[in-house]
Amino acid sequence: MSSEDIKILYENEMYVVCIKPSGITSEDGRVFGMPSLLGGGKPYFTVHRLDREVSGVMVYAKTKASAAALSRQVANGELLKKYYAVLKGELPKEGRLEDLLFKDSAKNKTFVVKRQRAGVKQAALEYSLLSEAYIGGDAFSLVKIVLLTGRTHQIRVQFASRKHPVFGDRKYGSDITGGFGLFSCYLSFIDPLTKKRIVFEADPPECMPWNSFDFFTENS
């Protein structure tokens, strides 16, 4: 994959907003991630993250000043994110999930725990049910999620702990292969240059697994 394969939603001298594809890491590490793909040799700064399996809208800073400004918004909860998710099972029309989460770095997995202790963080999200579908007798639900905190694997583990794993998320209990049913569809932050709040939204790409459900056509 090259930078030409990355869909750019907006770009100026301080940052770029783009669609991260599934299978690419949000930051550079042992393998080249989004900063290298976008930068072409120039430094790009990661200020927030999506799991490797998850695609969707992200912003990358192009200067140290914009990276600092955007990172402060992440820390202060001013960078707002929403997701589409396909979950196994039937869910209420809307809800709020609150849990204590512990990340086991050795296993690269997050767990819901019952008591506060070192390393445990509070997590919260809200969701609304958009549509339902059935395949092979199994029910699946399309929901839109407002992420209120940003914990590692938060959406995945909070729903999986309630027996509603994300479509294709075998790490957290899905028995389905082929596609990953989580997409970051909305990103809002304060422009470091104009100081005005801006919003970016995107629909899931055609390759996403929910297209076989017709969630975004006849059922929505």
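Contact here means heavy atoms within 4.5 Å. The model shown in these views is predicted.

**View 1. S26 and its contacts.** S26 sits in the loop that runs between strand 2 (15–20) and helix 1 (34–39). Its relative accessibility is 4%, under the 20% cut-off, so S26 counts as buried. Setting aside neighbours within four places in sequence, S26 is in contact with K20, M34, P35, T46, R49, L50, M58 and Y60. One of these partners, R49, is also among the residues closest to the centre of the largest pocket.

**View 2. I8 in strand 1.** I8 belongs to strand 1, residues 7–11. Its relative accessible area is 37%; this value falls between the 20% and 50% cut-offs, so I8 is partly exposed. Neighbours within four places in sequence aside, I8 is in contact with V16, V17, C18 and L38. K171 lies 163 residues from I8 along the chain, and 30 Å separates the C-alpha atoms of I8 and K171.

**View 3. Two cysteines, C18 and C185.** C18 is buried, with 0% relative accessible area. C18 is also one of the contacts of I8. C185 has a relative accessibility of 3% and likewise counts as buried. Both values are under 20%, so both residues meet the cut-off for buried. The structure holds 0 disulfides.

**View 4. The largest pocket.** The largest pocket has a volume of about 1300 Å³. Its lining comprises 42 residues, and R49, D51, R151, T152 and H153 are the closest to the pocket centre. What is the make-up of the lining by class? It has 15 nonpolar, 14 polar and 13 charged residues.

**View 5. Elements around the largest pocket.** Which helices and strands each supply at least two residues of the lining? Two helices do so: helix 2 (64–76) and helix 3 (154–160). Strand 5 (80–88) and strand 6 (94–104) do so too.

**View 6. Confidence along the chain.** The protein chain has an average pLDDT of 89. A score of at least 70 is reached by 90% of the residues. Where does pLDDT stay under 50? It does so over residues 216–220. For residues 216–220, the model has 12 contacts beyond four places in sequence.

Technical notes: Residues numbered from 1 in each chain as written. Predicted model: local features only at pLDDT ≥ 70, side-chain atom pairs only at ≥ 80, totals over all residues. Heavy atoms only, no water. 1 Å grid on protein atoms, 1.4 Å probe; cavity = no way out; pocket = protein on both sides within 12 Å on 5 of 7 lines; lining within 4 Å. Points joined across faces, edges and corners; volume = space filled by probe spheres on them. Helix = DSSP H or I, 4+ residues; strand = E, 2+ residues; numbered from the N terminus. Nonpolar A, V, L, I, M, F, W, Y, C, P; charged D, E, K, R; others polar. pLDDT = per-residue confidence, 0-100. Disulfide = S-S within 2.5 Å. Buried < 20%, exposed > 50% of the residue type's maximum accessible area, 1.4 Å probe, protein only.
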